[in-house]
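Student: Could you take a close look at how chain C is held against its partner chains, one interface after the other?

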Amino acid sequence: MGIINMAHGELLMVGAYATYGMQTLFRAYFPDAIDWYPPAAIPVAFFAAALVGVVMERTVIRWLYGRTLETLLATWGLSLVLIQSARVLFGAQNVEVSNPSWMSGGIEVMPNLILPWNRIIIVGFAMFVLFLVRVLMNKTRLGMFVRAVTQNRAMAGCVGVPTSRIDTMAFALGAGIAGLGGVALSQISNVGPDMGQGYIVDSFMVVVGGVGQLAGAVWAALGLGIFSKLLEGCAGAVIAKISILVCIIIFIQKRPQGIFALKGRFVE
Amino acid sequence: MLNTVDLFEDDRPEGSDGADQMGQFVTGELDLSHGVALYLEDITVSFDGFKALNNLNLAINAGELRCIIGPNGAGKTTMMDVITGKTRPDSGKAFFGQSIDLTRLTEPEIAHVGIGRKFQKPTIFEQHTVFENLELTMKTDKRVWKSLMAWLAGDERDKIAETLRLIRLDKEADRQAGLLSHGQKQWLEIGMLLIQEPKLLLLDEPVAGMTDDETMRTGELFVSLAGKHSLVVVEHDMAFVEKLGGLVTVLHEGSVLAEGDLATVQNDQRVIEVYLGR
Amino acid sequence: MRKPLTIRILSALDKKSWLALGVFLALALVVAPVLHLNFPEDSALHVSTYAITLIGKIMCYALVAVAMDLIWGCGGILSLGHGLFFALGCYAFGMYLMRQIGRDGSYGADLPDFMVFLDWKELPWFWVGSDSFGWVAFLVMAVPAVVAFVFGYFAFRSRIKGVYFSIITLALTYAAMLLFFRNETGFGGNNGFTDFKRVLGYTITSSETRLVLFGLTAVMLAVTLVFAAWLVKSKFGRVLTAIRDAESRVMFIGYNPLWYKLTIWVISAVLCGIAGALYVPQVGIINPSEMSPGNSIEIAIWVAVGGRGTLIGPIIGAFVVNLAKSWFTVSFPEYWLFFLSLLFIVVTLMLPQGLVGLWKKLMDKKGAAAC
């Protein structure tokens with residue numbers, strides 16, 4: 001949609017805090033069912049993040065379509081609001097989210113290689129979400145509208161697509177999915193006000209994959225993820241991150257439009 | 001009224017300004033000894049399997065005024081893109097004169113060897129004044145250091161003033177170019193092209209949006225430029241094409257369908273089919 | 001016909017602006033020192049050390065903002081990596097300041113404290129010559145210039161534009177930050193450089209040294225402003241704005257945008273480096289968080305708040321935002337981030353021309369924008 005959302009990492013944070021909220025709620029009222037709070041957190045996180053997304057879109061981003069550079073600045077501002085709000089509401093410290101019992105432990109594949117359950121479940125969950133998004137974008141009317149609006153806003157408006165409602169819904173959907181990502185992340189890493197900042201690097205992945213290309217983003221994310229883990233193994237985390245960034249910088253030199261670039265005479 | 005030819009005659013020795021800085025502009029001299037200004041051979045360009053140009057062959061003689069017509073999607077604009085270096089052909093040759101291989105040069109280098117282009121949609125510098133638009137395009141040393149130290153000399157001012165009169169924008173000289181009417185913008189772009197002093201002018205629909213009177217004057221100007229310059233005009237307006245005279249090339253699906261004077265081409269059965277549909 | 005350089009420089013600003021510049025310099029070089037040194041601390045006319053340091057610091061920021069405006073306002077290239085060039089200038093000069101500590105560090109060794117702590121026996125190769133003021137002054141400009149040149153050459157050559165460029169500059173500064181956080185990099189890791197004692201043999205915390213640094217910064221800011229105005233008014237500046245508005249057209253006229261962009265990019269980086277060198281001795285600390293992406297984005301906000309493409313706007317913006325910052329962080333520390341983000345949003349949404357644009361609108365002045 002021509003929006004680079006620097007606040008996406010903070011939407012993850014919203015999802016993660018929603019999970020934390022559900023965990024607290026279950027502890028207080030349904031201590032017996034505590035193991036089942038993650039499934040309950042999924043819809044809550046989705047809607048919480050989507051709601052934040054709607055508010056962001058309606059108040060700020062709506063006015064900036066087509067001005068990509070400005071969205072970058074404005075969404076950075078939004079991310080600061082979200083971070084500071086989290087600090088005020090939940091404190092600056094990380095909060096603790098624990099795995100339910102059925103997600104702890106793992107399968108022992110080899111004597112010194114254990115695949116932890118929580119990670120397996122998250123991979124499955126991510127694939128499921130991805131599949132849903134694909135279906136939604138390619139098979140439903142909403143998906144068709146979204147694709148129409150991104151390609152030619154004016155024309156879509158002319159043929160009766162309610163463009164501004166579609167914008168909001170598409171943004172809310174994106175935000176909601178980030179919220180789901182937050183649920184998953186809360187199971188494997190820390191939940192704190194700054195957690196979203198660490199995912200700035202992820203916005204580079206979008207660039208590598210090609211802006212507006214779902215498949216591109218997924219492959220870029222997977223590729224970079226695997227690559228960085230491999231490097232971390234042999235060179236240490238910081239060096240790995242630096243070399244990834246350097247690789248991205250070099251990569252963009254070669255293919256400014258990303259891996260899955262649109263070709264043709266309309267590309268400027 | 002149109003004494004443009006003397007005005008834009010290049011009186012400086014050729015090549016005196018071609019010295020290279022940091023490796024740019026190492027280009028050959030324009031050699032028109034065989035009378036051919038532009039030579040395209042077997043040019044093919046494809047976008048995702050769609051062939052925008054398909055084995056296109058075209059030769060423009062020195063001093064010739066050539067019109068290119070063709071239905072939408074025939075490859076007219078892509079052809080201009082290839083000549084000016086914006087698009088690289090998948091295969092084929094493109095030569096300017098005898099020795100300059102256009103497929104190996106960048107856009108600024110191509111402009112530097114003497115090919116000027118007017119776009120379909122007027123592209124002028126909207127934030128600059130009309131005067132500044134001409135100042136920027138004027139034939140001069142366009143490297144960074146010279147631009148930093150540039151200070152308009154008297155004869156340069158005169159040249160801009162003369163061009164302003166020619167394109168009838170002398171009263172608008174200090175106006176922001178973005179505020180001009182569509183027709184005036186077209187004229188300004190033509191003026192920018194002239195002051196750039198190219199050997200070959202590529203004009204993409206130069207009279208779109210002009211009044212009949214303006215169209216007439218544009219036609220006169222182009223005819224007066226031919227001879228000293230080579231011109232390639234892409235146009236849909238048949239009356240204008242007729243006024244220009246000269247050879248007409250019909251493009252269709254990326255290659256040349258017919259070539260000849262307008263009457264011949266208009267009576268060509270294949271051309272009629274293409275334009276009217278089968 | 002060539003005009004002498006003096007006339008060219010004089011014509012860069014109009015009479016009013018020269019006058020304003022003169023007043024500014026008089027305030028910074030005469031009035032402020034006199035008020036600081038000659039009035040007792042409880043006098044109403046006394047200018048406190050705190051104020052001198054704060055204004056000096058903000059003038060460095062203003063310098064960065066002008067550099068940013070050259071590249072963003074006039075060139076249309078939004079860099080989110082200018083914090084890096086600033087920090088490089090800081091670190092380059094910081095090396096000299098570290099060496100000036102001499103044996104007065106807590107370990108009393110010849111090497112800077114952090115190296116002793118890491119048990120290093122000798123200076124790494126890139127510290128060689130860092131005790132020479134001349135060499136370091138050269139590094140302050142050369143290091144940002146080289147980094148900017150190499151990065152810019154490849155980026156502009158592949159015609160990376162708009163948001164792609166912004167994001168890879170962000171990646172660049174982020175990568176550099178991670179690099180400088182490492183102890184092994186040889187720049188003090190997390191803690192960076194601090195506890196400076198002397199500059200050129202003078203005690204760094206004395207009033208006189210502070211005032212000299214303050215005055216130098218003011219002069220540098222004024223010189224930069226004149227230089228920038230001249231640059232923008234030259235044909236070079238017009239080509240640059242033409243590239244911003246219609247890059248492909250510029251190419252078809254025969255200008256090579258690569259060298260134009262690269263020139264302004266390197267100039268901008270060098271100015272940031274100089275600002276950094278003036279900043280370090282006044283603030284007394286430099287650590288890798290100067291390179292964090294947030295800092296670089298904040299620079300863009302100073303420029304946007306003041307009004308980009310106006311040269312004076314960024315200076316106003318840098319002052320407004322940073323004065324607000326120092327007031328907020330003292331009075332309402334929790335709300336500073338809210339205020340900053342509100343500023344981000346309000347400016348991008350409602351004030352695309354910034355404060356200068358707003359003032360012009362209110363005064364109903366026709367766009368006399370610098371570029």
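Tutor: Sure, starting with chain A against chain C: there are 0 salt bridges between them (a salt bridge being a side-chain nitrogen of Lys or Arg within 4 Å of a carboxyl oxygen of Asp or Glu). Bear in mind that this is a predicted model, where local features need pLDDT of at least 70, side-chain atom pairs count only at pLDDT 80 or more, and totals for chains, interfaces and linings use all residues. Residues are numbered from 1 along each chain as written, chains are lettered from A and ligands numbered from 1 in written order, and side-chain values use heavy atoms, leaving out hydrogens and water.

The A–C contact (heavy atoms within 4.5 Å) takes 37 residues from chain A and 37 residues from chain C. About 3,500 Å² is buried there, 81% of it from carbon and sulfur atoms; buried area is the accessible area (1.4 Å probe) that two parts lose on being put together, summed over both.

Now chain B against chain C: 33 residues from chain B meet 30 residues from chain C. Here the buried area is about 3,100 Å², with carbon and sulfur atoms giving 64%. On the chain B side, Phe125(B), Leu148(B) and Trp151(B) lose the most area to chain C, together 21% of what that side buries. This interface has 2 salt bridges. In one salt bridge, Arg249(C) pairs with Glu189(B), and their closest N and O atoms are 3.4 Å apart.
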